[in-house]
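Got the viewer open? Let's walk through how some of the helices pack, one selection at a time.

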Amino acid sequence: GPGPLAQLDALIDAHLATGASANPALLSVWVLLGGEALKSKAVRAQYTAGLAELHRRIAALVRDDAAAAGILAAIEGYFVVAATARELVPRGSAAE
C-alpha cells in the first residue's frame, strides 16, 4: 500500500478538498462547533475528541507528536480561513 507520506497527503487532501469534493456546509458547521466548544464543556469534550482522533491519525503517519500538532493546527487554521475569507486561500495551497 501507499507509504506514510502518501497517506498523509491523502489525509490532508481529504480534509482540505476544494472544488467538487468540498463541502462548505459541513465546513461551516465544524467551524461553528469550534466556537461553541469555547462556551460549552459538553461540546468541547466532543470537539476535543474529534481533534484528538485526527491528531492520532496524523501522529501515526509522521511519528512525531509535535509535527502532528502542527499539521493539525494548519488544517484547523485553513478551515477557519476557508469558512470566513475563502479568497485568502490560494488555489492549490491547501489540497490538490
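Start with helix 3 and helix 4, which are oblique to each other because their angle of about 125° falls outside the roughly parallel, antiparallel and perpendicular ranges. Keep in mind that this is a predicted model.

To find the second partner, select residues 65–85, which are helix 4. The axes of helix 3 and helix 4 lie 8 Å apart. Now look at the handedness: helix 3 passes helix 4 in a right-handed crossing.

Next, show side chains at this contact. On helix 3, pick Y47, L51, L54, H55, I58, A59 and V62. Across from them on helix 4 you'll want D65, A67, A68, A69, I71, L72, I75 and E76. Colour by class and you get 12 nonpolar residues, one polar and two charged in the contact of helix 3 with helix 4.

Now move to the other pair: select residues 24–37 for helix 2 and residues 41–62 for helix 3. Helix 2 and helix 3 pack at about 125°, with axes 8 Å apart. That angle makes helix 2 oblique to helix 3. As for the hand, the crossing of helix 2 and helix 3 is left-handed.

Which residues make the contact between helix 2 and helix 3? From helix 2, light up W30, L33, G34, E36 and A37. From helix 3, add V43, R44, Y47 and L51. This contact of helix 2 with helix 3 splits into six nonpolar, one polar and two charged residues.

Last stop: leave Y47 and L51 selected. These helix 3 residues take part in the contact with helix 2, and they also meet helix 4.

Methods
Residues numbered from 1 in each chain as written. Predicted model: local features only at pLDDT ≥ 70, side-chain atom pairs only at ≥ 80, totals over all residues. Heavy atoms only, no water. Axes fitted to C-alpha atoms, helices over the stretch in contact; angles between N-to-C directions. Helix = DSSP H or I, 4+ residues; strand = E, 2+ residues; numbered from the N terminus. Parallel < 35°, antiparallel > 145°, perpendicular 65-115°, else oblique. Left-handed = near helix turned anticlockwise from the far one by under 90°. Contact = heavy atoms within 4.5 Å. Nonpolar A, V, L, I, M, F, W, Y, C, P; charged D, E, K, R; others polar.
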